[in-house]
Amino acid sequence: MNLINLPNNLAQVQSPETAARFVETYGPLLYHYEGGRPAPATEALRPLLAQAEAVRLALRLLEAMQDDNDERLAHLLNAAQVIRRDAPDFGPHSFAMSFLLPDGPLQTTVTLAAPYRTAGEIPWRELAVTLVCTVANQHTVQLYPGLVPSPGGLALERQVTGHVGLSLVQLVWYGVGEIALRGQENVKQRRIRLCEECGTPFYALDGRQRFCPPDPWTAESRCAGRRMQRLIRARRKKEG
Ligand SMILES: [Zn+2]
């Protein structure tokens, strides 16, 4: 199994049907943290969709970070936040936003803050870094190494803590961390990309890759296949 493709595969989940396909392919995403048993299918759908949405957000933030484009980060963070500036105790030197983020099988409101770089200029990139670190670490407590913002808060780096974990969701978020770090090394090639068919972010192992990676144990990308089908149909229609 390719760890670097795992976050994209989860980020593609946006409906009960795609959720079922994910679980068929990989097994249950979440285990009840106590006892280590898989959650029953009926209970598992909502948290799975919430996890998928959070992974999609984290990858889209990382994708936008490659461009150093604060406008896109601002758009993504504004669209994802639940309450604006509800944390006055962070003081006048920091900017805070609240997000509804998954915490294992639950969702909780998390307020994140980042210090202003220059007065009045919202530190979007620092907030994006903090968000990715927070949500990834929440799910990799038992894995090591974790993620921390680099000095200055503009990038991410690994920090060694903890032991070994078990749940698939932990591997997904560990994979998000790997993508964050490799994306930073490959900014020029823009290795974190949006699929040209479905828009889901993925990490391109190959410089020419334009679509979501293939599911495990298959050779062809589902999204590349769908695009090809459409092109063939369009050509037949034109010819017929
Ligand atoms: Zn795709």
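Start by selecting helix H7, residues 222-239. H7 is hardly covered: among its 18 residues, the count of buried ones is one. Keep in mind while you look around that this is a predicted model. Now put a distance on the two end C-alpha atoms of H7: they are 26 Å apart, which agrees with the 26 Å that 18 residues should span at 1.5 Å a residue.

Next, pick helix H6, residues 168-185. Is H6 largely enclosed or left open by the rest of the structure? It is largely enclosed, because 13 of the 18 residues of H6 are buried. The length check works here too: 18 residues at 1.5 Å each should give 26 Å, and the end C-alpha atoms of H6 are 26 Å apart.

Slide off H6 into the loop that leads to strand E6 (192-194), and stop at Arg190. Arg190 has a positive phi of about 45 degrees, although it is not a glycine. That deserves a click, because most residues other than glycine have a negative phi. Count the C-beta neighbours of Arg190 inside 10 Å and you get 13, so Arg190 counts as partly exposed.

There is another positive phi to visit. Go to Asp68, in the loop between helix H3 (41-65) and H4. Asp68 is not a glycine either, yet its phi is positive, at about 60 degrees. With 11 C-beta neighbours inside 10 Å, Asp68 counts as exposed.

From that loop, carry on into H4 (residues 70-80) and show helix H5 (residues 124-138) alongside. At what angle do H4 and H5 pack? The angle is about 50 degrees, and the axes are 9 Å apart. That makes H4 oblique to H5. The crossing of H4 and H5 is left-handed. For the contact itself, turn on side chains for Asp70, Leu73, Ala74 and Leu77 in H4, which meet Trp124, Arg125, Leu127 and Ala128 in H5. Colour them by class and the contact of H4 with H5 shows six nonpolar, two charged and no polar residues. As you look down a helix, recall that an α-helix has 3.6 residues a turn, so residues three or four places apart point the same way.

Now for a couple of loops. Select Phe90, between strand E1 (81-84) and strand E2 (94-103). Phe90 has 16 other C-beta atoms within 10 Å, so it is partly exposed. Leaving aside residues up to four places away in sequence, Phe90 touches Ala96 and Ala113. Add Pro115 to the selection: Phe90 and Pro115 are 25 residues apart along the chain, and their C-alpha atoms are separated by 9.2 Å.

Then jump to Ser15, in the loop between helix H1 (6-11) and helix H2 (16-26). Ser15 is exposed, with 12 other C-beta atoms within 10 Å. Show Leu49 as well: Ser15 and Leu49 are 34 residues apart in sequence, but C-alpha to C-alpha they are 7.5 Å apart in space.

Finally, zoom out and colour by secondary structure. How many helices and strands are there in the protein? There are seven helices and seven strands. Read along the sequence, they follow the pattern α-α-α-α-β-β-β-α-β-β-α-β-β-α. Of the 240 residues, 35% count as buried. Among contacts between residues at least 6 apart in sequence, 52% join residues at least 24 apart.

Definitions and conventions: Residues numbered from 1 in each chain as written. Predicted model: local features only at pLDDT ≥ 70, side-chain atom pairs only at ≥ 80, totals over all residues. Helix = DSSP H or I, 4+ residues; strand = E, 2+ residues; numbered from the N terminus. Expected span 1.5 Å × (residues − 1). Buried ≥ 20, exposed ≤ 12 C-beta atoms within 10 Å, placed from the backbone. Axes fitted to C-alpha atoms, helices over the stretch in contact; angles between N-to-C directions. Parallel < 35°, antiparallel > 145°, perpendicular 65-115°, else oblique. Left-handed = near helix turned anticlockwise from the far one by under 90°. Contact = placed C-beta atoms within 7 Å. Nonpolar A, V, L, I, M, F, W, Y, C, P; charged D, E, K, R; others polar.
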